[in-house]
Structures are given as structure tokens and as C-alpha cells.
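Please look over the structure shown here before reading on. The text after it is meant to be read alongside the model.

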Amino acid sequence: MSTALLIEQILNGLQFGVMLFLMAAGLTLIFGVMGLINLAHGSLYMIGAFACAAVAAATGSFWLGLVASLAAAAAAGALVELVVIRRLYDRDHLDQVLATFALILIFSEGTRWLFGSFPLYLDIPSTLSGAVQLPGGGRYPLYRLAIIGVGIAVAVGLYLLISKTRLGMRIRAGESDREMIAALGVDIRTLYTVVFALGAALAGLAGALVGALQSVQVGMGEPVLILAFVVIVIGGIGSIKGALVGAILVGLVDTLGRFLLPKLFAAFMGPAQGATAGAAIASMLIYIVMALILAFRPKGLFAANA
């Protein structure tokens, strides 16, 4: 196993983790501030991907498509919060799960009606279509490195937003005691709409960025949503720092597990059996890690402070 190949897999894990962070950050914000279980978050990821693909195809500009993905996902999130979610804050979690699951079906069928059942494809922008040299002689796509950079920039931006701005102060206060800040004159309904739109925009951004690496299709958000829930459980519900650490941990464990475990098992079981056993265990590895972490830290790695 070459050094370049190992570095490439580590970078793949980081890129995967950053994409999960963009999903999980919005999800943990929504749950931490609103106490809402939003199963439709994956649909907002899908909306961002379709908006980016449609606008990029119409204009020939990936960057305009990226802006459209943010706008479309944020607008869809705000609309969902105003029309549906706002009625669920005082209901129990089962009602929230059922309502947001219904939204998954509505968004999926609506997207299929608008764009059809065939997948769309996004081209990587020409400015990011090259590759960089890795130590050991390998090459790594520049676009994937750009995704890692975007994720780090978003993490820094969220930290500054939540810790250094008035809006962030209200978000933290809403997470701690929503009744008190409402009594102090803060429009809690507007705050909830802003938080939901922000979380939706982050999901849409993730969908647009990943859309250039894989096909854009109906239902693409549901598998990612499951992993995003794993991330926020590992990191700690309501914690942005926990979402970042948990996402990178999940990305690295999943990617390196799928890469290394088949080789490890093949060393003493034979190539065919080792590849089968290694792949099976690798597919369960992140859930094993989650169970181990929760056994020692039931609330996740970090406290629920963004």
C-alpha cells in the first residue's frame, strides 16, 4: 500500500466528513434551538442539488447554480417552517416525525414531477477541474480539496456567527431558555424561521457541492440524512463543534474502514472471503463507533453548546 494511496483515502474521508458536517450543522442547529426532529432535512439537500443542476444547465455557470442552491434551499426551508413546522413546536416528537416524513414524500414526488425520474448531472467548474500532486507521487482532484476548504470556511463562519454576533447570542439564548428571550421582547417566531432557513441553506450547499461528484436524483438525501443523525448523536445534539468533530470522525472511519478492512481480513482469510468479511464489517463500523462513544458519553462527545 503506497503512501499516496493512503493520503488519498484520508483526504476522501475528510471530504466526506465535511459534506456530512454541512448537513449535520443545520440539523443540530434546528434540533438544538427548536427541539424539532426534522426528517425532511435530506429533502432540502436534494432541493439544493436540483436547483444547482437546473440553473447550471440553463446558464452554463456552476457558480450561479451554487447561489441558486443556497437560495432555493433557504426559501424552501423558510416556507416549510412557516406553513408546517410552526404548528409542530408544541406537539410531541412522534407528530414531528410523521409530519416531516410526509414532507419527504411531498418533496420527492414534487421533484419527480418537475424534473422527471432521470438523474441530472453537474459538471465540475473548469477552474477546479485539475488535480494537485500528493506526497508519494499520486494526484488528488482539486474540486474535492475545494469542498474540504468550503467546509472549514463554513465551520469558522458558523463559530463566528454564533459566538460573536447578536443573532448568535439570540440563537444560544433560544437554545437555553426560549420562554425567557420571548419575554424579553425577542420575536421567537422570526428567530425560528431564520434558524430553519440557515440550516436548510447549509443542506442545499452540501447537495450542490456533492451533485458535481455524483448524479442528482430523487431520494438522494435520505441516505445522507441517516449519517447526519449519526454525526449529531456522536458529536452531541445542539453542538456545532460536536457536529464538526463527529462528521470528520464518521467520514474518516467509514472511508478508511472500507479501504483497509478488506485488505486486513484478506491477509489471513484469503482474498475473496477477506474482501466479503471486511466490506460487511466496514459497513457497520460507524454504528459500532457510535455505540462505543454513547456507552461512555451518553450525551455525545461535546455538551449541547454551539
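What follows goes from the nonpolar core to selected helices, then to the salt bridges and the surface.

The model is predicted, and local features are described where pLDDT is at least 70. A good place to begin is the inside. The largest nonpolar core has 82 residues, and those that touch the most other members are Met19, Leu20, Phe21, Met34, Tyr45, Ile85 and Phe196. Which helix gives the most to this core? Helix α1, covering residues 3-34, does so with 14 residues.

Phe196 shows what such a member has around its side chain. Leaving out residues up to four places away in sequence, Phe196 touches Ile30, Met34 and Leu36, and also Asn38 and Leu44. Gly77, Val80, Glu81 and Ile85 complete the list of residues that Phe196 touches. Two of these names, Met34 and Ile85, also appear among the core residues that touch the most other members. Glu81 will return below, in a salt bridge.

Helix α8 runs through residues 188-211 and has 24 residues. From its first C-alpha to its last, α8 reaches 34 Å, close to the 34 Å expected at 1.5 Å a residue. Of the 24 residues of α8, 20 are buried, so the helix is largely enclosed by the rest of the structure.

Helix α2, made of residues 41-59, can be treated in the same way. Its 19 residues should span 27 Å at 1.5 Å a residue, and the C-alpha atoms at its ends are 27 Å apart, which agrees. This helix is mostly covered, with 14 of the 19 residues buried. Just after α2 comes Gly60, which takes a positive phi of about 80 degrees.

One residue of α2 is worth following in detail. Met46 lies in this helix. Is Met46 buried or exposed? Its relative accessible area is 1%; buried means under 20%, so Met46 counts as buried. Apart from neighbours within four places in sequence, Met46 is in contact with Phe107, Ser108 and Thr111, and with Gln217, Val218, Gly219 and Met220. Another position that can be compared with Met46 is Gly207: the two are 161 residues apart along the chain, yet their C-alpha atoms are separated by 5.9 Å.

Thr111, one of the contacts of Met46, is placed in helix α4, residues 93-115. With 8% relative accessibility, Thr111 counts as buried. Which residues does Thr111 contact, leaving aside its neighbours within four places in sequence? They are Met46, Phe50, Gly116 and Val218. Val218 is therefore in the contact lists of both Met46 and Thr111, where contact means heavy atoms within 4.5 Å.

The next topic is charged side chains. The structure holds three salt bridges. In one of them, the side chains of Glu81 and Arg86 meet at 3.4 Å, N to O. The two partners differ in cover: Glu81 is buried, with a relative accessible area of 0%, whereas Arg86 counts as partly exposed at 24%. Glu81 is also one of the residues that Phe196 touches.

Another salt bridge joins Arg112 and Glu109, with the closest N and O atoms 2.7 Å apart. Both residues lie in helix α4, three residues apart, which is about one turn of the helix. Arg112 is partly exposed at 31% relative accessibility, and Glu109 is partly exposed at 48%.

The remaining salt bridge is between Arg258 and Asp254, whose closest N and O atoms are 3.1 Å apart. These residues are about one helical turn from each other, because they are four residues apart in helix α10, residues 240-269. Arg258 is partly exposed, with a relative accessible area of 46%, while Asp254 counts as buried at 10%.

Last comes the surface. Ile152, Val156, Tyr159 and Leu160 form a nonpolar patch there, with about 390 Å² of accessible area together. Ile152 is found in helix α5, residues 142-164. Elsewhere, Ala183 lies in helix α7, residues 178-183. Its relative accessibility is 65%; exposed means over 50%, so Ala183 counts as exposed. Between Ala183 and Val83 there are 24 Å in space, C-alpha to C-alpha, and the two are 100 residues apart in sequence.

Technical notes: Residues are numbered from 1 along each chain as its sequence is written. Side-chain values use heavy atoms; hydrogens and water are left out. A nonpolar core is a set of buried Ala, Val, Leu, Ile, Met, Phe, Trp, Tyr and Cys residues joined through side-chain atoms within 4.5 Å. Buried means under 20% relative accessible area, exposed over 50%, partly exposed in between (1.4 Å probe, protein chains only). Helices (H or I, at least four residues) and strands (E, at least two) are DSSP runs, numbered from the N terminus. The expected span of a helix is 1.5 Å times one less than its number of residues. Patches are made of residues with over 30% relative accessible area and no salt bridge: like charges are joined within 9 Å, nonpolar side chains (Val, Leu, Ile, Met, Phe, Trp, Tyr) within 5 Å. Accessible areas come from the Shrake-Rupley method with a 1.4 Å probe; for residues, only the protein chains shown count as cover. A salt bridge is a side-chain nitrogen of Lys or Arg within 4 Å of a carboxyl oxygen of Asp or Glu.
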